[in-house]
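This briefing sets out the strand architecture, enclosed space and selected loop residues of the chain shown below. Lead sentences come first, followed by points grouped by topic.

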Amino acid sequence: MTAQPDAGDEPVVKTTQEVGETAAADGSPTGGLARKRRWIAAVAGGAVLLAGAGVVASTLIKSPSQAAADARPPERSVLTSPVEHRVLTSSVIVRGQVIAGQSVDVAPQVAGGEDGAAPVVTKLPVKQGDRLKAGQVLLEVSGRPVFALPGRIPVYRDLKPGAEGDDVKQLQEALRGLGHGTGGDTAGTFGAGTKAALTSFYAAIGYDPLPAVDDNGEGLEAAEGAVTAAERALEEAEDAEGEGAARAVQYARDDLAETRDDLAAAQAASGPRLPAGEVVYLQGFPARVDAVPGRVGAPVDGTMLTVSGGKLAVQAYLPEHQRGLVRKGQRVQIYSELTGIKAQAKVGSLADSLTAPDSGSGGGGRGEGETGGEVPAAPGQSGYLLRVDPDKPLDAQLAGQDVRLTIEAARTDGKALVVPITALTAGADGRTTVTVLQPGEEQRRVEVRTGTAGDGFVAVEPVGSARLDKGEQVITGVKRAAVGQ
């Protein structure tokens, strides 16, 4: 039974520590909790002491790599570059266009059909980008072929048996080149051998040649009939007797000779002809089809296709400030970014006069429907017309492409000492020097003479007894301090 306090007794108030001690004394759970709290406080205090000791130790103890880094000398405040020993080339880079030696607009002048209908395109066997060979049919107009042959003389007339001239000689050479011999014909004379060769060529491409005399052979038949009649008249005169027989024979012989001359003339004039509208002469093969504006079924009205031939070259317009750096014969590298094709070439020619914007440059000696290889300057473009000739024939797929030209304007004579241009210093006395950074941060000035410059470098030669060796470091600038230093 628990004793109750007296009403007059004052309440007893104990502190937490006293309660804990009391609990510990009597072994109650409250005493165990107090011990745990004291243990946790001790651990926390120890951790704080250890952390503080680690901070202190970190300021006193360094790793080997950190110690080595701290021992290095301070970073240089200047920028340097090594002196090199190599061949130095100075280059001029311009854009150019690959052009053909000849470009021809094919606008056939071919007669219409038998009923007088307007000529139309009946076949178009080629397409843009095709490569052409000599003798190939380009298109067919109203059933008649238009083909390409090698030659430089433009077409200006029909060629018929008996014709003479350089254009006949050109035709004979083209036919022989395709395997159709011209027999014993004199060069430049359209004779029996040329007739046979032209007939053979037309057969090879699948067509019949047009007759030289458009009378369905009636003139030749009439000449042959006249000869036959004259021969019979001579026979009758020779068989006749009496006064005047001898005279009749002589007349008959004269008539026969005349008819035979007429027959020879008719035979010479007969045979095939080459219409001007059925042939296109190109300077070189393989040629290329550049454009095909025509289409099958369309009336022949203007250009049906554009073809180009001859050796490919490259044309560019050199800016005025680069004119003095380029001369004929300098080496050039051609590069097409589109195809990746590279080719070696040389400067073929460079104009003496400046081409003004939009003016272009006209070519001379052009035939009808034919243009030279020169391409006018683009709108707003000006410069000195530069022609580049490749060492070897260019790939046909480059025709018409825009390419990069790297022209070797200057080159050192073998390997030379070269330094960056930024390493040069021009003094008030007119001397040019470079500054060599030696071991121990010492600097040594070297007077030099400069030579070829290119790609940011310049060839140098020490003056007098000065010395400059490959691998030495020359000062090129001052290094800026990093932000915050």
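Strand β15 (residues 331–335) and strand β16 (residues 342–350) run antiparallel and are joined by 5 bridges; two strands pair if DSSP finds at least two bridges between them. The model is predicted: local features need pLDDT of at least 70, side-chain atom pairs count only at pLDDT 80 or more, and totals for chains, interfaces and linings use all residues. Residues are numbered from 1 along each chain as its sequence is written, and side-chain values use heavy atoms, with hydrogens and water left out.

**Overall composition**

- The chain has 7 helices and 25 strands; helices (H or I, at least four residues) and strands (E, at least two) are DSSP runs, numbered from the N terminus.
- Of its 485 residues, 34% count as buried, where buried means under 20% relative accessible area, exposed over 50%, and partly exposed in between (1.4 Å probe, protein chains only).
- Among contacts with a separation of 6 or more, 70% involve residues 24 or more positions apart; contact means heavy atoms within 4.5 Å.
- About 28,800 Å² of the chain is exposed, and carbon and sulfur atoms supply 52% of that area; accessible areas come from the Shrake-Rupley method with a 1.4 Å probe, and for residues only the protein chains shown count as cover.

**The closed barrel**

- Six strands form a closed barrel in the order β3-β14-β18-β16-β15-β19, with antiparallel pairing.
- From one strand to the next, the twist of the barrel averages 40°; axes are lines fitted to C-alpha atoms, for helices over the stretch in contact, and angles run from 0 to 180 degrees between N-to-C directions.
- Where β15 meets β16, R331 has K346 of β16 as its bridge partner.
- On β19, strand β15 pairs in the antiparallel sense over 4 bridges, and Q333 stands opposite T406 there.
- Strand β3 (residues 89–99) is joined to strand β19 (residues 402–411) by 9 bridges, the two running antiparallel.
- T406 of β19 is also the bridge partner of I93.

**The enclosed strand β13**

- All 5 of the 5 residues of strand β13 (residues 305–309) are buried, so the strand is largely enclosed by the rest of the structure.
- In a regular strand the side chains alternate between the two faces of the sheet.
- L305, V307 and G309 point one way from β13, while T306 and S308 point the other way, and all are buried.
- Strand β4 (residues 102–106) runs antiparallel to β13 and is joined to it by 5 bridges, with D105 opposite T306.
- Strand β12 (residues 287–291) is likewise antiparallel to β13, through 3 bridges, and V289 stands opposite V307.

**The open sheet and helix α4**

- An open sheet of 4 strands has the order β5-β7-β8-β11, with mixed pairing.
- Its edge strands are β5 and β11, each of which pairs on one side only.
- The twist in this sheet averages 30° from one strand to the next.
- Strand β7 (residues 137–141) and strand β8 (residues 144–150) run antiparallel and share 4 bridges; V141 has R144 of β8 as its bridge partner.
- Helix α4 lies across β8 and β11, running at about 90° to β8.

**The cavity**

- A search of the whole structure finds 1 cavity of 30 Å³ or more; on a 1 Å grid over the protein atoms alone, a cavity is a set of points where a 1.4 Å probe fits but cannot get out, and lining residues have an atom within 4 Å of a point.
- The largest cavity holds about 70 Å³ of space; grid points are joined across faces, edges and corners, and a volume is the space filled by probe spheres set on the points.
- Its lining comprises 13 residues, of which V155, R157, L159, D167 and Y281 lie nearest the centre.
- The elements that give two or more residues to this lining are α4 (166–177) and β11 (279–282).

**Two loop residues**

- P119 lies in the loop between β4 and β5 (121–123) and, at 21% relative accessibility, counts as partly exposed.
- The C-alpha atoms of P119 and A298 are 8.8 Å apart, although the two residues are 179 apart in sequence.
- D208 is found in the loop between α5 (192–204) and β9 (210–211) and counts as exposed, at 61% relative accessibility.
- D208 is in contact with R144 and Y202, leaving aside its neighbours within four places in sequence.
- D208 and P272 are 64 residues apart in sequence and 8.7 Å apart in space, C-alpha to C-alpha.

Conventions: 1 Å grid on protein atoms, 1.4 Å probe; cavity = no way out; pocket = protein on both sides within 12 Å on 5 of 7 lines; lining within 4 Å.
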